[in-house]
Amino acid sequence: MTSLFIRIFIKDYRNTSNQKVRENYGKLAGAMGIATNLLLTLIKMVAGILFNSIAMTADAVNNLTDSASSVVTLVGFKLSSKPADKKHPYGHARIEYISGLIVSIVILVLGFELARTSLDKILNPEVTDFNWIAIGVLAVSILLKIWQCLFYRKMGKAIQSPTLKAASADSFNDVIATSVILLGGFVTRFTGFNLDGYLGMAVAIFIMISGVRLILETSNPLLGLSPSRNLVEKIQKKILSFDGILGFHDLKVHDYGESVCFASVHCELPADQDIMVSHDIIDRLERETLKELNVNLVVHMDPVVVNDERIDALRKQVGALLHAVSPQITMHDFRVVWEEEHTNLTFDINVPFQFPQSDQELEKNIIAAIAMLDPTYQTTLVIDHGEDMLVGAEEHKEPEEDNQ
């Protein structure tokens with residue numbers, strides 16, 4: 001049924017990378033959430049009042065809160081589709097993350113409120129008139145919530161939306177909560193022991209744990225997550241597919257919301273290559289990366305001296321020295337200036353975030369080791385931190401004949 005709704009209400013529904021299509025997915029999900037949750041709120045509220053069930057009334061309030069969350073989802077998708085402006089040059093797509101965070105906070109607040117209500121029911125138990133009509137109401141609610149959970153899940157998977165994934169998790173929590181209430185109703189009806197408050201408390205704890213987990217998941221993109229390895233590998237493969245690029249490093253990917261991705265990288269090209277040729281290579285790389293991967297790539301060109309036996313030999317020496325210090329260290333931007341009385345070595349190294357040595361200690365050890373190769377070597381180095389997958393090829397490609 002979800003696929004039918006998508007085909008009917010979303011034009012060009014397969015083109016999920018298009019911001020307008022994503023907005024339409026969000027609008028459909030929000031509208032369906034508002035309609036179904038309001039229906040469930042009305043049914044459960046009436047049943048809770050008639051049968052004096054605080055658990056059922058709390059579940060009705062839960063669904064009313066879900067309706068409010070659906071409104072947040074609808075507004076979030078609408079605002080996230082706004083184009084870039086002077087104050088927000090990267091667009092507004094991260095509003096979708098914020099709306100997902102709001103939904104997660106609502107879930108947590110709901111859990112606290114349900115816990116408070118359940119504690120009151122435990123301390124001050126009341127007789128619950130649980131009959132077959134109430135059972136039917138809860139059964140229908142469970143089935144509708146299962147459909148809603150699957151609906152949100154499919155929609156969220158189609159457009160990789162953290163907001164809809166959070167809504168799907170919330171719907172699943174509602175299935176658990178209502179199922180527990182239904183189970184407690186059966187126990188109350190057939191044993192006379194009122195579990196209403198205790199089961200409500202169990203559900204509340206479950207919902208609060210889920211709320212905390214979802215808050216962490218929806219906050220991570222706002223804090224700045226590492227890009228997926230799949231995306232990094234695609235960018236790396238694209239860069240190295242260009243003749244004339246010897247290597248690359250300092251690849252950094254920035255996510256400003258789904259389908260809004262920016263990246264920067266340093267690409268090494270032969271220093272003796274015509275500057276116009278190098279510029280053309282970089283231009284083509286940026287254009288093709290945007291077209292094929294939907295990544296706005298900015299390339300910084302690093303000229304590298306090639307086919308210089310002295311520099312090549314010294315680069316290999318320093319590389320071996322760094323590898324001896326730690327195989328996790330990679331080197332780039334290696335430059336040498338030969339002077340009469342001393343030689344200046346300048347390069348950058350990349351180390352993992354959790355490297356055992358401090359930057360100061362590592363720099364001191366490397367400079368001392370290079371000085372042992374030759375006391376006239378004066379070393380200047382910059383230490384970068386990052387995961388291995390964000391660092392380009394350590395070995396240089398051989399330049400093509402026509403680029404010499």
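The exercises below work through helices, salt bridges, backbone angles and a surface patch in a predicted model.

**Exercise 1. Helix α10**

Task: Find which residues of α10 are buried and where they lie around the helix axis.

Solution:

Step 1. Start with the extent of the helix. Helix α10 covers residues 309-325, which makes 17 residues. From its first C-alpha to its last the helix reaches 25 Å, close to the 24 Å expected at 1.5 Å a residue.

Step 2. List the buried residues. In α10 these are I311, L314, R315, V318, L321 and L322.

Step 3. Look down the axis. The buried residues of α10 fall within an arc of 125°, so they line one face of the helix. The spacing follows a general rule: an α-helix has 3.6 residues a turn, so residues three or four places apart point the same way.

Step 4. Turn to the other side of α10, where E309, K316 and A324 are exposed.

Step 5. Identify what the buried residues pack against. Their partners are the strands β3 (295-304), β4 (330-338), β5 (343-351) and β6 (377-385), together with helix α11 (359-373).

**Exercise 2. Salt bridges**

Task: State how many salt bridges there are, and describe the pairs D174 with K145, E288 with K238, and R284 with D280.

Solution:

Step 1. Recall the principle. Side chains of opposite charge can pair when their charged atoms come close. The cut-off used here is a side-chain nitrogen of Lys or Arg within 4 Å of a carboxyl oxygen of Asp or Glu. By this rule there are six salt bridges.

Step 2. Take D174 and K145. Their side chains meet at 2.9 Å, N to O. This pair links distant parts of the chain, with D174 in helix α6 (residues 162-191) and K145 in helix α5 (residues 132-159), 29 residues apart. Both D174 and K145 are buried.

Step 3. Take E288 and K238. The N to O distance in this salt bridge is 2.6 Å. E288 belongs to helix α9 (residues 275-293) and K238 to helix α8 (residues 229-240), so the pair ties together parts that are 50 residues apart in sequence. E288 is partly exposed, with a relative accessible area of 27%. K238 has 13% relative accessibility and counts as buried. These two residues also belong to a network of salt bridges that links K238, E288 and E292.

Step 4. Take R284 and D280. Their side chains meet at 3.2 Å, N to O. Both residues lie in helix α9, four residues apart, about one turn of the helix. R284, at 29% relative accessibility, counts as partly exposed, and D280, at 39%, also counts as partly exposed.

**Exercise 3. Helix α2 and the surroundings of N37**

Task: Give the span of α2, then decide whether N37 is buried or exposed and which residues N37 touches.

Solution:

Step 1. Helix α2 runs over residues 19-51 and has 33 residues. Its span from first to last C-alpha is 47 Å, close to the 48 Å expected at 1.5 Å a residue. Just after α2, N52 takes a positive phi of about 55°.

Step 2. N37 lies in this helix, α2. Buried means under 20% relative accessible area. At 1% relative accessibility, N37 therefore counts as buried.

Step 3. Leaving out residues up to four places away in sequence, N37 touches N63, D66, S67, S70, K145, Q148 and Y152. For another spacing, N37 and S69 are 32 residues apart in sequence and 9.9 Å apart in space, C-alpha to C-alpha.

**Exercise 4. Positive phi in loops**

Task: Locate Q160 and N294, and give the phi of Q160 and of N294.

Solution:

Step 1. Q160 lies in the loop between α5 and α6. Although Q160 is not a glycine, its phi is positive, about 50°. Q160 is partly exposed, with a relative accessible area of 39%.

Step 2. N294 is in the loop between α9 and β3. N294 is not a glycine either, and has a positive phi of about 60°. At 34% relative accessibility, N294 counts as partly exposed.

**Exercise 5. A nonpolar patch**

Task: Name the residues that make the nonpolar surface patch of about 320 Å², and place L4 in the structure.

Solution:

Step 1. The patch is made by L4, I8 and F9.

Step 2. L4 lies in helix α1 (residues 2-9). With 45% relative accessibility, L4 counts as partly exposed.

Notes:
Residues numbered from 1 in each chain as written. Predicted model: local features only at pLDDT ≥ 70, side-chain atom pairs only at ≥ 80, totals over all residues. Heavy atoms only, no water. Patch = residues over 30% accessible without salt bridge, like charges linked within 9 Å, V, L, I, M, F, W, Y side chains within 5 Å. Areas by Shrake-Rupley, 256 points an atom, 1.4 Å probe, with all protein chains shown as cover. Helix = DSSP H or I, 4+ residues; strand = E, 2+ residues; numbered from the N terminus. Buried < 20%, exposed > 50% of the residue type's maximum accessible area, 1.4 Å probe, protein only. Expected span 1.5 Å × (residues − 1). Arc of directions from axis to C-beta. Contact = heavy atoms within 4.5 Å.
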